[in-house]
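Colleague: Could you give a close account of a single part of this model, starting with one loop and following the chain elements around it? I am new to the structure and would be grateful for each term to be explained as it arises.

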Amino acid sequence: MDSSFFSMGMWSIGVGAFGAAALALLLANTDMFLSKPQKAALEYLEDIDLKTLEKEPRTFKAKELWEKNGAVIMAVRRPGCFLCRAEAADLMSLKPKLDELGVPLYAVVKEKVKREVEDFQPYFKGEIFLDEKKKFYGPERRKMMLMGLVRLGVWYNSFRAWKGGFSGNFEGEGFILGGVFVIGSGKQGVLLEHREKEFGDRVNLLSVLEAVKKIKPQTPASRQS
């Protein structure tokens with residue numbers, strides 16, 4: 001009788017533990033516990049200090065990138081990440097259309113580790129700049145830590161990138177989430193702001209093109225005003 005009672009108790013504990021684990025897994029795959037991104041105002045983005053990656057780097061205000069013709073800007077989570085390389089290749093597929101519309105494509109990275117930026121360039125052939133203060137990843141930086149290992153979306157994104165032939169490494173900081181911006185010329189403002197909600201969360205390319213088509217290039221008269 002004591003043995004039966006003990007066995008039933010252990011069975012109940014096992015069922016309870018399994019149920020708790022299943023509930024935790026279910027909740028981890030909702031957006032309930034994801035940090036909500038704070039929208040970046042144009043004034044905030046304009047004042048960001050960026051650096052060129054030359055031997056003698058030049059520091060300049062980010063607004064130079066979009067002031068005349070607008071811009072598409074990718075804030076890269078980690079250049080060595082195969083998911084980021086896949087997204088970069090995705091964006092590069094828009095390059096012919098962007099060139100036709102006269103809108104440049106740029107990327108910013110938060111650090112320069114070894115040859116990570118150079119090794120990223122085969123996937124992203126636009127200009128890349130350094131955002132040392134990680135401002136493009138704000139105003140409120142969002143991170144994904146161990147939760148990324150149990151999210152089905154991350155596994156799907158990883159499988160899609162792996163199937164596409166992308167590979168990477170583990171060099172550098174990769175927990176601060178990145179994103180993609182489409183910014184209009186002059187004071188036109190932010191036309192699209194995509195913030196990664198999880199690793200490998202790619203921007204919708206059609207949405208990028210729709211936003212780019214709204215950009216109104218600055219004329220000398222409009223710049224003077």
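Modeller: Lys114 lies in the loop between β4 and α5; helices (H or I, at least four residues) and strands (E, at least two) are DSSP runs numbered from the N terminus. The model is predicted, with local features requiring pLDDT of at least 70 and side-chain atom pairs pLDDT 80 or more, while totals for chains, interfaces and linings use all residues. Residues are numbered from 1 along each chain as its sequence is written, and side-chain values use heavy atoms, with hydrogens and water left out.

Although Lys114 is not a glycine, its phi is positive, at about 50°. Lys114 counts as exposed because its relative accessibility is 63%; exposed means over 50% relative accessible area, buried under 20%, and partly exposed in between, with a 1.4 Å probe and protein chains only.

The strand before this loop is β4, which comprises residues 105-109. Four bridges pair β4 with β3 in the parallel sense, where pairing requires that DSSP find at least two bridges between the strands. Leu105 of β4 is the bridge partner of Val72. On the other hand, β3 runs antiparallel to β6 (residues 179-183), to which five bridges join it. There, Val180 of β6 is the bridge partner of Met74.

β3 itself, residues 71-75, is mostly covered, with five of its five residues buried. In a regular strand, side chains alternate between the two faces of the sheet. Both faces of β3 are covered: Ala71, Ile73 and Ala75 are buried on one side, and Val72 and Met74 on the other.

Beyond β3, Pro79 is found in the loop that leads to α3. Pro79 counts as buried because its relative accessibility is 8%. Leaving aside residues up to four places away in sequence, Pro79 touches Arg85, Val109, Glu116 and Phe120; contact means heavy atoms within 4.5 Å. Phe120 is 41 residues from Pro79 along the chain, yet their C-alpha atoms are separated by 5.5 Å. The helix that follows, α3, is mostly covered, since eight of its 11 residues are buried. Those buried residues are Leu83, Cys84, Arg85, Ala86, Glu87, Ala88, Leu91 and Met92. Arg85 thus appears among the buried residues of α3 and among the contacts of Pro79.

The loop of Lys114 leads to α5, and α5 (116-120) borders a pocket. A pocket is an open set of points on a 1 Å grid over the protein atoms alone, where a 1.4 Å probe fits, with protein on both sides within 12 Å along at least five of seven lines; lining residues have an atom within 4 Å of a point. The second largest pocket has a volume of about 170 Å³, a volume being the space filled by probe spheres set on the points, which are joined across faces, edges and corners. Its lining consists of Thr52, Leu53, Glu54, Lys112, Val117, Glu118, Gln121, Glu127, Ile128 and Phe129. Both α5 and β5 (127-130) supply at least two residues each, and β5 gives the largest share, three residues. By type, the lining of the second largest pocket divides into four nonpolar, two polar and four charged residues; Ala, Val, Leu, Ile, Met, Phe, Trp, Tyr, Cys and Pro count as nonpolar, Asp, Glu, Lys and Arg as charged, and the others, Gly among them, as polar.

The loop between β5 and α6 holds Lys134 and Pro139. Lys134 also has a positive phi, near 60°, in a residue other than glycine. At 21% relative accessibility, Lys134 counts as partly exposed. The peptide bond from Gly138 to Pro139 is cis, with omega near 10°.

The largest pocket holds about 510 Å³ of space. It is lined by 21 residues, of which Arg77, Arg78, Leu149, Phe170 and Phe199 are the closest to its centre. The elements that give two or more residues to this lining are α3 (82-92) and α6 (152-163), and α6 provides the largest share, three residues. The lining of the largest pocket divides into 11 nonpolar, seven polar and three charged residues.

As a setting for these parts, the chain has eight helices and seven strands. Of its 225 residues, 41% are buried.
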